[in-house]
Amino acid sequence: MAVLGTGMARRRGKTSQAEALIALPWYVSAGLGFASLIVLKLVLPAIWAGNIFLQAIAQGFASGAWLVAGFFFLMAALSALRAFGQRLPESPKPELRAPPPTVRRTVDKPSDPVADAYRATPATPVAPAKPEAWSLGLIRSLEWKRFEDVCQQFYQLKGIKSETTPLGPDGGIDIRLFQDDSGNATSVVQCKAWGERYVGVKPVRELLGVMTHEKIAKAFFMTSGKFSDEAKNVARSNNITLIDGEMLLMMIERLPADIKQQLLTFATRGDYTTPTCPNCGTPMRHVAGKGGRPDFWGCHNYPRCKQTLGMKGSLGIR
């Protein structure tokens, strides 16, 4: 058993030495092969030539020199083959396949609902047919700026000098009326194109505050919708005349036929349902809401102008 173990240990030692030589560059083993030939066949016989016993040993080494050198040359060849195989790995032949379909990858970015909706295909509202007569539906379909302009034109056609306030914050005043020669406004008008919605008491109280600030004793509040009972009570006790959609229609119907038609032509000129941007004064665009959000009106100058308005049918609420 001891002899068997010793033999196995020697074989493992030789195997590990051979593996070590193969792992080294090929020229290392080749150099050792040439060096063994020179040492065993030339150097040792020359050195030990003067000694009879060493001379006999040197001759034995010289006769086995090619055996030792051959081992090193074999290791050099195996090392070269190994290095060559690592440099030139076998490449699989490419398969002819149809090009894969293009896949658009979505990159997660911070959510911006307004910007996302603008990037989507905008909804295109259908322009209504031009009405041939005044109606409550027509009044309620006017966008906010056109509604203000119609109210101002109504007073103008009645012979009352009037002017609308510039775009931007109006301070609670949309129209000023001048009913004497003083050059100062005698009355102010607030307009709300809110479709069929009710105007509550809060906007009426705000108008009362404007009257106090402007030192004007009389005001008019005009809307396409209706007024709540509380709003009527506040207006009644503070010299504010409330004109809802039905009353405005009645006032227009009382105009002479030619003036009534002139006002109708003015009201329905061009696109009278798309709201005007309160900042830029240009028609806004219908933007389809995304992710379950409602549609809204957005400015064409986005992102330079980020003004938006709510939507109720084709009406911009302001």
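Is Asn 239 buried, exposed or partly exposed? Keep that in mind as you click around; the tour comes back to Asn 239 later. One thing before you start: what you have open is a predicted model.

**The whole chain**

Colour the chain by secondary structure. You'll find 11 helices and 11 strands. Of its 318 residues, 35% count as buried. Now think about who touches whom: among contacts between residues at least 6 apart in sequence, 60% join residues at least 24 apart.

**Into the largest core**

Select Trp 134, Phe 147, Tyr 155, Val 189, Leu 248 and Ile 252, and show their side chains. They belong to the largest nonpolar core, which has 33 residues, and they touch the most other members. Next, highlight the pieces of the chain that each give this core at least two residues: helices H6 (136-141), H7 (144-157), H10 (245-253) and H11 (257-267), along with strands E2 (175-178), E3 (187-192) and E5 (218-223). Which helix supplies the largest share? That's H7, with 6 residues.

Stay in the core and zoom in on Val 189. Skip its neighbours within four places in sequence, and its contacts are Tyr 155, Ile 173, Asp 174, Ile 175, Leu 177, Phe 220 and Met 222. There is also a second, separate core, made of 18 residues; Val 210, Ala 219, Val 234 and Ile 240 are among them.

**Two pairs of helices**

Select helix H8 (residues 201-214) and helix H9 (residues 229-236). Their axes come within 8 Å and cross at roughly 20 degrees. Angles under 35 degrees count as roughly parallel, so that is the label H8 and H9 get. H8 passes H9 in a right-handed crossing. Want to see where they meet? On the H8 side, show Val 201, Val 204 and Arg 205; on the H9 side, show Glu 230, Ala 231, Val 234 and Ala 235. This contact has 5 nonpolar residues, 2 charged ones and no polar ones. Val 234 turns up twice on this tour: it is in the second core and also in the contact with H8.

For the other pair, pick helix H2 (residues 26-47) and helix H3 (residues 52-63). These axes also come within 8 Å, but the crossing angle is roughly 170 degrees. Angles over 145 degrees count as roughly antiparallel, so H2 and H3 are roughly antiparallel to each other. From H2, show Leu 40, Lys 41, Leu 44 and Pro 45, which meet Ala 58, Phe 61 and Ala 62 in H3. Sorted by class, this contact has 6 nonpolar residues, 1 charged and no polar.

**The loop after H8**

Select Lys 215, in the loop between H8 and E5. Lys 215 is exposed, with a relative accessible area of 78%. Check its backbone too: phi is near 60 degrees, a positive value in a residue other than glycine. Most residues other than glycine have a negative phi.

Slide along to Ala 217, which sits in the loop between H8 and E5. With 58% relative accessibility, Ala 217 counts as exposed. Beyond residues up to four places away in sequence, Ala 217 touches Met 211 and Asn 239. Try a distance label as well: the C-alpha atoms of Ala 217 and Ile 240 are separated by 8.8 Å, though the two residues are 23 apart along the chain.

**Back to Asn 239**

Now select Asn 239, in the loop between H9 and strand E7 (240-243). Here is the answer to the opening question: Asn 239 is partly exposed, because its relative accessible area is 41%, and values between 20% and 50% get that label. Asn 239 isn't a glycine, yet its phi is positive, about 60 degrees.

**Last stops: Thr 274 and Pro 303**

Jump to Thr 274, in the loop between H11 and strand E8 (285-287). Is Thr 274 buried or exposed? Buried, with a relative accessible area of 8%. Leaving out neighbours within four places in sequence, Thr 274 is in contact with Glu 143, Pro 283, Met 284 and Trp 297. Label the C-alpha distance from Thr 274 to Met 284: it reads 6.5 Å, for residues 10 apart in sequence.

Finish at Pro 303, in the loop between strand E9 (296-298) and strand E10 (308-312). Most peptide bonds are trans. The bond joining Tyr 302 and Pro 303 is cis, with omega about 10 degrees.

How values were computed
Residues numbered from 1 in each chain as written. Predicted model: local features only at pLDDT ≥ 70, side-chain atom pairs only at ≥ 80, totals over all residues. Heavy atoms only, no water. Core = buried A, V, L, I, M, F, W, Y, C linked by side-chain atoms within 4.5 Å. Buried < 20%, exposed > 50% of the residue type's maximum accessible area, 1.4 Å probe, protein only. Helix = DSSP H or I, 4+ residues; strand = E, 2+ residues; numbered from the N terminus. Contact = heavy atoms within 4.5 Å. Axes fitted to C-alpha atoms, helices over the stretch in contact; angles between N-to-C directions. Parallel < 35°, antiparallel > 145°, perpendicular 65-115°, else oblique. Left-handed = near helix turned anticlockwise from the far one by under 90°. Nonpolar A, V, L, I, M, F, W, Y, C, P; charged D, E, K, R; others polar.
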